[in-house]
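Ready for a few warm-up exercises? Have a look at the structure below, then work through each task before reading its solution.

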Amino acid sequence: ARMRVAVVGAGVSGLTATKCCLDEGLEPTCFEQSQDIGGLWRYTEHIEAGRPSLYPSVISNTSKEMSAFSDFPYPEDFPVFLPNAQFLNYLQRYAERFGLRKHIKFGTTVISIRKHPDFATTGQWDVVTEVEGKQTLNVFDAVMVCSGNFSDPYLPLHCFPGIERYQGQYFHSRQYKHPDMFQGKRVLVVGMGNSGVDIAVEASRVAAKVTISTSRGAWVFGRVFDHGYPWDMVFNTRLMSLIRNGLPRPLSWWLINYRVNQRFNHKNYGLQPEQRYFLPVLNDDLPSYILTGRITIKPGVKEFKDNSVIFHNCPEEEPIDIVVFCTGYNVSFPFLEEAVIKVENKHASLYKYVFPTHLQRPTLAILGLIKTLGAMMPVTEVQARWVTRVFKGRRTNMSSPMYQNTVQTGHVLFGLSFDEVLKTDWLVYMDELASFIGAKPSVLGLLCRDPQLALTIFFGPCTPYQYRLEGPGRWEGARQAILTQWDRTLKPTRTRVSASSSSLRPSLLTVAGVLLLLAALVFGF
């Protein structure tokens, strides 16, 4: 009999998990509590309990070539960074192309997932689901949790003295949909993640005044990067990753600091991060909005008064009408017992960010919790490819000394929230999981057989198609997808080409830039 796998959620992670199960000959049943696929990316005007909530202006932070599933490139006419409706359209095409819908049960809420009585020998799980008030118990051989962590807002009001006497309006960013409510108001945005900056920028177009309060500051990236190319196609290359991870830590930090401050000096804008960690925010408008006085950056909130706020190190009160708390989300799995996964201080004990470490059998995996500086789609996909092969017993015996050693030494407490230090490089992590299943591309091996491809892989962006060149799940179209990635990137924007225009590929620009930078470092000019 085929192995039966329960997949919780039909968002980005759930869809790729379902497909990977099918690829490996497993039998997936995907449970989705709403009436359609898309998870976070399916916009609804009203806020649904237990579901992520999106504001209509959300645009993807990562470019389409870097955000593709590895065997399904985006249509070439799609914009480089995708508005949420087009992102959802891509997910719908993916589900259609691989016949995923028939494996999804909509309107079905997962109530509980508990170990089957003979779990120690079978690794099976009792899964209780509910449809229209009626509960059903099913036994599954394995479980993939793909429910995300954007449903349970984190709102630590106890950290804000005086909030109980504040007369104005306040709410968590999850409640935000449209900027009209800020018309003519004095707005305070607390927190400086991507949502916080997005909301501040939108509010500043209609509000009387907008202030962002941040105790830690942040690096600010633009989607538009060197020479107008998408940031992640320049930043996430094998060459750049090698330089970032190969240099001594202080030198690596200095380089990043130098690099980020080239666009604008963060100190002059009140944005310089307090500590030496690299937590960028992606926004193209923020620097110019600070420069034009639309947005002011202030330190952390010290105290709320009746109609105003006092910030740390600022004696005067700031009158405020509306406060938006952009304080992130809790990681929570209400359907899992604490014995399965324990979340403390936004940390969870997970092997490679995926498998709970203390289970006797590796038959439950949690996908999409890792936070790295790069696109989530390829990360969750490579996780799903690895997990489904572990389920089949083909790879990574969890009783191996490596796994046991990791558990015993405790090197498995990973930060799962945006306010954690970035601990894992996007490319390094994907390479590691891909190597577990034999899908990591060998640049040196390719250099002899296919030098053009090898050089494109090393100097160019690390697009997900690289993980379909070899190993299980090899895709015939991978080589062609890699060699045409810049064509699909430039097609939607090169809508007027002058007769004399010529194109210098960013990979060459990057190489030239790196050589110049190394020369500058060596010769000190």
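**Exercise 1.** Why is Y170 classed as partly exposed?

*Solution.* Keep in mind that this is a predicted model. Start with the number: the relative accessible area of Y170 is 32%. Then bring in the cut-offs: buried means under 20% and exposed means over 50%, so a value in between counts as partly exposed. That's where Y170 falls, with its 32%.

**Exercise 2.** Find where Y170 sits and what surrounds it.

*Solution.* First, locate the element: Y170 belongs to strand β8, residues 169-172. Next, list its contacts, skipping neighbours within four places in sequence: L157, I163, V323 and F325. Finally, check V324: it's 154 residues from Y170 along the sequence, yet their C-alpha atoms are 5.8 Å apart.

**Exercise 3.** Work out whether D198 has a salt bridge.

*Solution.* Begin in helix α4 (residues 194-204), where you'll find D198. D198 is buried. Now look for the nearest side chain of opposite charge: that's R223, 5.3 Å away. A salt bridge needs the charged atoms within 4 Å, so D198 has none. What D198 does touch, beyond residues up to four places away in sequence, is Y55 and N283.

**Exercise 4.** Describe the largest nonpolar core and say where it lies.

*Solution.* Count first: this core has 113 residues, and M144, F182, I295, W386 and F391 are those with the most contacts inside it. Helix α9 (residues 376-391) gives the largest share, eight residues. Both domain 1 (4-151 + 330-424) and domain 2 (153-329) contribute residues, so the core lies between them. Another core, of 22 residues, lies apart from it and includes A6 and F333.

Terms used: Residues are numbered from 1 along each chain as its sequence is written. This is a predicted model: local features need pLDDT of at least 70, side-chain atom pairs count only at pLDDT 80 or more; totals for chains, interfaces and linings use all residues. Side-chain values use heavy atoms; hydrogens and water are left out. Helices (H or I, at least four residues) and strands (E, at least two) are DSSP runs, numbered from the N terminus. Buried means under 20% relative accessible area, exposed over 50%, partly exposed in between (1.4 Å probe, protein chains only). Lys and Arg count as positive and Asp and Glu as negative; His and the chain ends are not counted. Contact means heavy atoms within 4.5 Å. A nonpolar core is a set of buried Ala, Val, Leu, Ile, Met, Phe, Trp, Tyr and Cys residues joined through side-chain atoms within 4.5 Å. Domain bounds come from an automatic or database domain assignment.
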